Amino acid sequence: MVCHNSATATAASSSNLNNGGFSVKLIRRTSLKPPLHNHNHKVYRRLMGSSNDQTIPQSDIRRDKEDGEGAQLMKLSIGSPPYEIYAVADTGSTLLWTQCEPCPNCYKQKNPKFDPKKSSSYSTLPCSAKECTYANGTGYTSCSTDDQKVCNYNYTYMDDSLTQGVMAKETITFGSSLGKPVSFKNVVFGCGHNNTGETFAENEMGIVGLGLGNLSIISQISPYVGGRKFSHCLMPFDPDHPNDASIMSFGKGSEVSGEGVVSTPLITKDGKNQYFVTVEGITVGDQFVPYNSSWSVSKGNMFLDSGTQVTMLPQDFYDRLVAEVKKKMEPSSLKPIEVNDPSGTLLCYNATTNPKAPMMTVHFDGGAKVQLAPAQTFYQNKQDKLFCFGTLNSSNPLSEGVGLYGSYAQSNFLIGFDLEKMLVSFKATDCRKRSTRAANGASATPFSYFFNYLFSFTLLAILYF
């Protein structure tokens, strides 16, 4: 089993934190803001239909790849002087890595790659370092054969993309809602010299692994931000507002509390660093659909993944859930369309206006119930005039019978991960309003409101009396 003791973290924090947390913005992959405005990462799938469903012959549609257009990018800097990168924020993986020079076999990247020779704070990780042993289910480390004895790594992801390179230590700097950068020294990361995969876009310069495990950025910075905890509030996918930024908070202050909060236990599994939870079933309208047709519930049958847009379900659960969704769709005259690709089957409707989709409630272990509106379970593909259920049937990416809870279903919820209590909490939230408050630095306490009021009253007294 992987040890998750935050005491093994090697980061040294910037003095401006004082054991408090901070927040960063997450930028959608399709953001029009520089340097992402030239992004054109689309994939094409053949539209196919079953014998009972409507078909559109010889037609291609554009749709987002599973970890595609809804992926959230985090801006951070690596090295001294700081070199700015944009990397995918991914709660489904652990390693922080970026493309590094020299890069003889790398995917196309628009901006220059990080050059460790230009950073005064860069140092390779020796094979003798304990961090060189922190492998997990998706990767491994090994020692180089040369005299330097440098720790190498090799990580493979669910979509068969991979990153290979050298484990190293660097200064990592985040922009924050505090108004000034927050830096951490000696953070272990992967300097990737061989990175391939169709899902990487030219503006993505790596991945920020936010999962469990000692190499996760969560574990490495936790001693300096007030604990192993973080939360995020993901914006719902809206093609009309591509610049909407989500918010992620680290450490103290990231707790999810107050009225309407529900929580469910996080489940650990040997050799895996994802955030597993237990789903008992999903209610569609007024009809409960159990996760397993036998009504038995396996602990840790779903994991939360911000780096994947759609939800993926085992075939049996998917079939029963989709059958109920079809019954509840209005108008009932709508004919379903099935979009098939190597990842699974996507249920869509050929509609110029949004049909009336049913409300859904996800039932988690411990009594937590999370209600999902149509905007969190369906998305609109305006270009192809389709309205699609954001759930795929899929051979499970991790093990048989385990599903993936994607970012569509997580949108407009403040979701907190407390890795000390091993709980994940959900609170229905307007993430657009929360993002606006964070951008304006509105994290004021009642005391700060009182002093602001007192200052304003005193100023008025001086001016008018």
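A residue is called buried here when its relative accessible area is under 20%. Cys388, with a relative accessible area of 1%, is buried by that cut-off. The model is a predicted one, and a good place to begin is with the partner of this cysteine.

Cys388 pairs up with Cys348 in a disulfide, the two sulfur atoms sitting 2.1 Å apart. Cys348 is at 0% relative accessibility, so this residue counts as buried too. The torsion about their S-S bond is about 105 degrees, so this disulfide is right-handed. Since Cys348 belongs to strand 25 (residues 344–350) and Cys388 to strand 29 (residues 386–393), the bond ties together parts that are 40 residues apart in sequence.

The count for the model comes to 5 disulfides, and two others are worth a look. One of them joins Cys233 to Cys431, with an S to S distance of 2.1 Å. Here the torsion about the S-S bond is about -85 degrees, so the disulfide is left-handed. Distant parts of the chain are linked this way: Cys233 is in strand 15 (residues 229–233), Cys431 is in helix 5 (residues 431–439), and their positions lie 198 residues apart in the numbering. Cys233 is buried at a relative accessible area of 1%, and Cys431 is buried with a value of 1% as well.

The other bond runs between Cys100 and Cys191, again at 2.1 Å from S to S. With a torsion of about -115 degrees, it is left-handed, so its sign is negative. Cys100 comes from the loop between strand 7 (97–99) and strand 8 (105–106), whereas Cys191 is part of strand 13 (residues 182–196), so parts 91 residues apart in sequence get tied together. Cys100 and Cys191 are both buried.

Away from the cysteines, strand 26 (residues 360–364) makes a nice case of a covered strand, as 5 of its 5 residues are buried. Met360, Val362 and Phe364 point one way, while Thr361 and His363 point the other way, and all of these are buried.

Strand 26 also has pairing partners. Strand 20 (residues 279–284) pairs with strand 26 in the antiparallel sense, over 5 bridges, and in that pairing Val284 stands opposite Met360. Strand 27 (residues 369–372) likewise pairs with strand 26 in the antiparallel sense, this time over 4 bridges, with Thr361 opposite Gln371. Strands 26 and 27 form a hairpin with 4 residues between the strands, and Gly366 takes a positive phi near 95 degrees there.

Technical notes: Residues numbered from 1 in each chain as written. Predicted model: local features only at pLDDT ≥ 70, side-chain atom pairs only at ≥ 80, totals over all residues. Heavy atoms only, no water. Disulfide = S-S within 2.5 Å. Helix = DSSP H or I, 4+ residues; strand = E, 2+ residues; numbered from the N terminus. Buried < 20%, exposed > 50% of the residue type's maximum accessible area, 1.4 Å probe, protein only. Pairing = 2+ DSSP bridges.
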